[in-house]
Structures are given as structure tokens and as C-alpha cells.
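Welcome! Open your viewer, get your mouse ready, and let's take a short walk together.

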Amino acid sequence: MNKLARPGLFLSLASLVSLLSLVSSAADLADPQTFLSQTAYDEIRLSPDGSKLAFIARRNDFEHDREVSTLWLIDLTRSGARPLRIAEPGSGSGLRWSPDGRSISYLAADLQLVSLEPKPGATPRRLTDPA
């Protein structure tokens with residue numbers, strides 16, 4: 001990892017943690033509706049070169065009775081960079097970077113392996129066929 005990525009990584013992670021603590025402390029988590037409407041951030045993955053951070057945000061969609069996942073990306077080389085939404089797979093897990101850092105893969109809701117370039121508007125590409 002180069003030295004330029006380290007300060008950005010620390011600042012972005014610190015920003016994410018402080019945001020999460022503010023949301024949790026401001027909400028009345030004793031109320032079931034409030035508790036279940038919180039957004040969860042998980043599957044946080046650092047790119048192989050340390051320049052990008054990808055993560056999945058999950059929230060409950062009560063209107064459609066489902067969980068919704070969104071794939072986000074933060075460029076750690078830019079000071080003050082904000083997360084960019086790069087995909088809304090509906091539901092996904094197993095987030096992984098390719099060894100060269102040019103794509104991200106995840107397991108979609110239909111249990112198919114999907115890959116996409118880490119940029120906004122990228123088109124997901126199925127790597128496995130439903131059998």
C-alpha cells in the first residue's frame with residue numbers, strides 16, 4: 001500500500017465510524033420500527049492497492065417487505081471523498097475485489113456470482129449460470 005492511501009483510509013474509516021455512531025446515538029433503538037429502519041454497513045473491503053474502499057449498506061424496505069442492499073465505493077486517494085453508489089443489487093453478500101483491483105464480485109440474491117467494474121453506472125456481469 002502506498003503512503004498516500006494510508007491517511008485517506010484512516011480519515012474515511014474514521015468518518016464512517018463517526019457517522020454510524022451519530023445515527024445510533026440519535027435514534028431511539030428501543031422502538032422496534034426505529035431499530036429495524038437503521039442502515040447496516042458491512043462487508044467492508046479494501047482494494048488490493050489500498051486506494052479504494054467498497055462496502056454494502058443494508059436497510060429494510062417495509063413497503064415491499066424485503067431487505068435492500070446498495071454497493072458503495074470510497075476513493076481513498078482523494079481528501080474528503082464521499083461514498084459513490086455503484087450498484088443496487090437488491091441483495092448481495094460475499095463482496096470481494098479481483099486480485100488486480102479492476103472489478104468487484106458478489107453473490108447476488110439468486111445465488112449467482114456477479115462481477116462489475118468499481119465505478120458508478122457499471123453494468124453487473126453474471127459469472128455463473130443458473131442451473
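We begin with the whole chain and then move to one sheet and one surface patch.

This is a predicted model, where local features need pLDDT of at least 70, side-chain atom pairs count only at pLDDT 80 or more, and totals for chains, interfaces and linings use all residues. Residues are numbered from 1 along each chain as its sequence is written, and side-chain values use heavy atoms, leaving out hydrogens and water.

**Stop 1: the whole protein.** Switch to cartoon view: you should find two helices and eight strands, in the order α-α-β-β-β-β-β-β-β-β from the N terminus. Helices (H or I, at least four residues) and strands (E, at least two) are DSSP runs, numbered from the N terminus. Of the 131 residues, 32% count as buried, meaning under 20% relative accessible area (1.4 Å probe, protein chains only).

**Stop 2: a sheet.** Now select S5, S6, S7 and S8: in that order they make an open sheet of four strands with antiparallel pairing. Strands S5 (92–97) and S8 (125–126) are the edges, each pairing on one side only. Two strands pair if DSSP finds at least two bridges between them; S5 and S6 are joined by four.

**Stop 3: Leu107.** Zoom in on S6, residues 104–108, which holds Leu107. Opposite Leu107 stands Ser93. Is Leu107 buried or exposed? Leu107 counts as partly exposed because its relative accessibility is 32%, and that class lies between buried and exposed (over 50%).

**Stop 4: the patch.** Finally, show Leu107, Leu111, Leu113 and Leu127 as a surface: they form a nonpolar patch with about 340 Å² of accessible area together. Patch residues have over 30% relative accessible area and no salt bridge (a side-chain nitrogen of Lys or Arg within 4 Å of a carboxyl oxygen of Asp or Glu); nonpolar side chains (Val, Leu, Ile, Met, Phe, Trp, Tyr) are joined within 5 Å, like charges within 9 Å. Accessible areas come from the Shrake-Rupley method with a 1.4 Å probe, and for residues only the protein chains shown count as cover.
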